[in-house]
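Grab a pencil and work through these short exercises with the model open beside you. Each one has a task, then a solution in steps.

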Amino acid sequence: MEKNSLFITLVGDTAKTRVLDYILTERELEFSKTDCLRNVSVSRASLYTTWKELLKNELLLFSRNIGNVQLYTLNKANPIVKKLMEIDDLLILHDLQKRRKKKITQLA
């Protein structure tokens with residue numbers, strides 16, 4: 001069984017959330033729809049619908065073509081994306097603090 005990320009656990013497990021989680025995780029990279037399909041458990045139809053919405057809302061930006069492959073990046077200038085990255089980062093920091101506290105308690 002696949003363990004959900006902290007972001008998916010908080011927001012809910014939907015195709016859109018899975019795609020968002022992937023692009024937030026890979027925020028420093030360029031990625032294609034195929035990359036996303038390989039790494040996210042969603043149907044092709046769900047991905048294309050979600051992708052269209054993300055482009056429409058400017059959460060994703062077209063980056064460049066390499067051959068026939070279109071690459072995209074997360075639009076870090078978008079205020080919604082900034083908040084989503086902030087939430088994702090806060091979830092990770094909170095989880096690390098909880099784990100650290102738990103480990104210190106176990107060692108005591």
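**Exercise 1: a salt bridge and its surroundings**

Asp13 is partly exposed, with a relative accessible area of 39%. Keep in mind that this is a predicted model.

Task: find which side chain meets that of Asp13 in a salt bridge.

Solution. Step one: look for a side-chain nitrogen of Lys or Arg within 4 Å of a carboxyl oxygen. Step two: Arg18 fits, with 2.6 Å from N to O. Step three: check the burial of this partner; Arg18 is partly exposed too, at 23% relative accessible area, since the partly exposed class runs between 20% and 50%.

**Exercise 2: two more bridges**

Task: work out which parts of the chain the Arg27–Asp89 salt bridge ties together.

Solution. Step one: confirm the pair; the side chains meet at 3.1 Å, N to O. Step two: place the residues. Arg27 sits in the loop between α2 and α3 and Asp89 in helix α5, so the bridge links parts 62 residues apart in sequence. Step three: compare burial. Arg27 is buried at 15%, while Asp89 is partly exposed at 34%.

Now try Asp95 and Arg99: their closest N and O atoms are 2.7 Å apart. Both residues lie in helix α5, 4 residues apart, or about one turn. Asp95 counts as buried, with 14% relative accessibility. To round off, salt bridges with shared partners join Arg27, Asp88 and Asp89 into one network, and the full count is 9 salt bridges.

**Exercise 3: the two faces of α4**

Task: decide where the buried residues of α4 sit around its axis.

Solution. Step one: get the helix straight. α4 covers residues 44-56 and reaches 18 Å from first C-alpha to last, close to the 18 Å expected. Step two: list its buried residues, which are Leu47, Thr50, Trp51 and Leu54. They span an arc of only 105 degrees around the axis, which puts them on the same side of α4. Step three: flip to the face turned away, where you'll find exposed Ala45, Lys52 and Lys56. Step four: see what the buried residues pack against: α2, α3, β1 and β2.

**Exercise 4: the core**

Task: which element gives the largest share of the largest nonpolar core?

Solution. Step one: size it up. The core has 21 residues, and those with the most contacts inside it include Leu20, Trp51 and Leu54. Step two: α2, α4, β2 and α5 each give two or more residues. Step three: α2 comes out on top, with 5 residues. Step four: beyond its neighbours within four places in sequence, Leu20 contacts Phe7, Leu54, Leu59 and Leu84.

Notes: Residues are numbered from 1 along each chain as its sequence is written. This is a predicted model: local features need pLDDT of at least 70, side-chain atom pairs count only at pLDDT 80 or more; totals for chains, interfaces and linings use all residues. Side-chain values use heavy atoms; hydrogens and water are left out. The expected span of a helix is 1.5 Å times one less than its number of residues. Buried means under 20% relative accessible area, exposed over 50%, partly exposed in between (1.4 Å probe, protein chains only). The arc is that of the directions from the helix axis to the C-beta atoms. Contact means heavy atoms within 4.5 Å. A nonpolar core is a set of buried Ala, Val, Leu, Ile, Met, Phe, Trp, Tyr and Cys residues joined through side-chain atoms within 4.5 Å.
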